[in-house]
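Q: I should like to learn how secondary structure, burial and packing are read from a model. Could we take the features one at a time?

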Amino acid sequence: MEKLIQFISANCDKDTSRLILDRKKYPDIDMDLAVNCIESRRKLKGKVQEWYEEPRLIFPLKLSAEQCSSSATGAYKAQVAEAIAVRSLDCARDDRREDARDDRREGARDERREWTIADLTGGLGVDSWFFSKKAAKVIYNEMQTPLCQAASLNFKTLGAGNIEIINSTAAQGNIGKITGDRVDIVYMDPARRGEGGKKVFLIEDCTPDVLTLRDEIFRYTDNILIKLSPMADISMVCDRLGPACREVHVVSTAGECKELLIWMNSGWKEEYTIIATELHNNAPAAQFIFKPSEERSATCHACITPGRTHLLFEPGKALMKAGAYNLIAQRYGLDKLGKSTHYYLAESAQEADMLKPYGKVFSIIECQPLSKQSIREFGKRYPKSEVTARNIPMDTDTLRKKSGITSGDDAHIFGLKSDRDGNILIAAKRVF
């Protein structure tokens, strides 16, 4: 193993195709494994930097590195799991005698760590590793033996001594063998690829099938945490999973919606809560929390043509995926450009400061009705700018081509539909 690790470190920047062709030169090296490790480490750079920087880790399957959580989303899932476990512990404590509360609080920090989680779909092990930083015990289960063998080595190298490794299939009749008598949380990240590697989107087409296993899993835990594709329809997913859905976390980072997390609680019968979370590198996560019924009843005002004093707010990916289209305007007193145009106007710097964790804020330079003439004029005044088109009779590429604008920082040109004023062009500068 030491020779393999040294070879990987010495050839981490080499052309892996050439290494495969030259495999006969290195008879003592498992070249397929070495190449998988090299290519996997490249995928982990900047994604799970802690693992990238540890040269002794082994990665037998490239696909696992592609599909694994990032450090940001892995850490967030661990926080969510801890919050779920703490709520369960709090409920248990509520059943104890009232006069013992002060004593319990004194030891709350240690007590709250005493929870367990079973990761039924361990994969590369990134999520299990982050869970291990919060939980007393993590059960890592994976059906592929090479991943289990690698996880055993990797967790030891990383100093994660509270992870138990099980090489088994998360299938009917097998859940109790994985979890033991009882765990606080069962976590699943079903594979979203079917036969031949084709992507699938329906829950029942993923592996393992949560719908089939749900009732059996609830015999061994009160809480199921499921990671799903960010492409999944929230209302459809929750309808299929049933009334046990308690929270839906929509997680976005670096301007991209990364995943949906569904918390199912066996005793939950009320409306679920949606938590739109924007993760930031150097700032606390921003969360917009609401129930679907709040969005359905929310109202907002259609705005008039924006003037030079207005600020334009473009919501982040988490808010848009979560569907907080009218509620964001109602809560922050914003005007909305149109029913289907999810851009908003604010007036003050205070409003802009409140909105910046949830998306992008622009200061509007000018606004004109959309026409051939205004497109040409904007192209001359802002020749190097970013361009976005929404709900107008052309897409972003067409608007960019017609205006002759190339990428740059002169401004950001928006072609948008306003319910009051029709199709408009806005030139704006990013504030936050």
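Q: In this predicted model, how does the span of helix α10 compare with what its 13 residues should give?
A: The general idea is to set an expected length against the separation of the helix ends. At 1.5 Å a residue, α10 (residues 145-157) should span 18 Å, and its end C-alpha atoms lie 19 Å apart, which agrees.

Q: Which residues of α10 are buried, and which are exposed?
A: The buried ones are L147, C148, A150, A151, N154 and F155. On the other side of the helix, Q149 and K156 are exposed.

Q: Why are the buried residues of α10 said to lie on the same side?
A: An α-helix has 3.6 residues a turn, so residues three or four places apart point the same way. In α10, the buried residues cover an arc of only 165° around the axis, which puts them on the same side of the helix.

Q: What do the buried residues of α10 pack against, and what follows just after the helix?
A: Their partners are two helices, α5 (62-67) and α9 (126-132), and two strands, β2 (137-141) and β3 (163-166). Just after α10, G159 adopts a positive phi of about 75°.

Q: How is a buried polar residue such as S40 to be read: where is S40 found, and which residues is S40 in contact with?
A: One takes its element, its accessibility and its contacts in turn. S40 is found in helix α3 (residues 31-44). Its relative accessibility is 0%, so S40 counts as buried. Leaving aside neighbours within four places in sequence, S40 is in contact with F59, L61, K62 and A65.

Q: Which residues of the largest nonpolar core touch the most other members?
A: That core has 56 residues, and those touching the most other members are L120, L241, V250, I262, M264, F288 and F313. Another core, of 37 residues, lies apart from it and includes L57, L124, L147 and F155. Two of these residues, L147 and F155, are among the buried residues of α10.

Q: Which residues does L241 touch?
A: Not counting residues up to four places away in sequence, L241 touches I203, V210, L211, R214, I226, I262 and M264.

Q: Is strand β6 buried or exposed, and how do β7 and β8 pair with it?
A: For a strand, one reads burial first and then the sense of each pairing. Strand β6 (residues 245-253) is mostly covered, with nine of its nine residues buried. With β7 (residues 256-265), β6 pairs in the antiparallel sense over eight bridges, and C245 stands opposite M264. With β8 (residues 273-279), β6 runs parallel, joined by seven bridges; there, V250 has A276 as its bridge partner.

Q: What lies between β6 and β7?
A: The two strands form a hairpin with two residues between them. A254, in this loop, has a positive phi of about 55° although it is not a glycine. At 77% relative accessibility, A254 counts as exposed.

Q: What is the strand order of the open sheet of eight strands, and which are its edge strands?
A: An edge strand is recognised by its pairing. The order here is β10-β12-β13-β11-β14-β17-β16-β15, with mixed pairing. β10 (301-302) and β15 (386-390) are the edges, each pairing on one side only. β15 and β16 (residues 412-418) run parallel and are joined by five bridges, with R390 opposite L416.

Q: Which strands does helix α19 touch, and where is N391 placed?
A: Helix α19 (residues 396-403) packs on the sheet and touches β15, β16 and β17 (422-430). The direction of α19 makes about 130° with that of β15. N391 is placed in the loop between β15 and α19. Its phi is near 60°, a positive value in a residue other than glycine, and N391 is partly exposed, with a relative accessible area of 40%.

Q: Where is there a cis peptide bond?
A: The angle to inspect is omega. It is about 0° for the bond joining T207 and P208, which is cis. P208 lies in the loop between β4 (185-188) and α12 (210-217).

Q: How many helices and strands does the protein chain have, and what share of its residues is buried?
A: The chain has 19 helices and 17 strands, and buried residues make up 50% of its 432 residues. Of its contacts with a separation of 6 or more, 65% are between residues 24 or more positions apart. The C-alpha trace spans about 70 × 65 × 40 Å along its principal axes.

Definitions and conventions. Residues are numbered from 1 along each chain as its sequence is written. This is a predicted model: local features need pLDDT of at least 70, side-chain atom pairs count only at pLDDT 80 or more; totals for chains, interfaces and linings use all residues. Side-chain values use heavy atoms; hydrogens and water are left out. A nonpolar core is a set of buried Ala, Val, Leu, Ile, Met, Phe, Trp, Tyr and Cys residues joined through side-chain atoms within 4.5 Å. Buried means under 20% relative accessible area, exposed over 50%, partly exposed in between (1.4 Å probe, protein chains only). Contact means heavy atoms within 4.5 Å. Helices (H or I, at least four residues) and strands (E, at least two) are DSSP runs, numbered from the N terminus. The expected span of a helix is 1.5 Å times one less than its number of residues. The arc is that of the directions from the helix axis to the C-beta atoms. Two strands pair if DSSP finds at least two bridges between them. Axes are lines fitted to C-alpha atoms, for helices over the stretch in contact, and angles run from 0 to 180 degrees between N-to-C directions.
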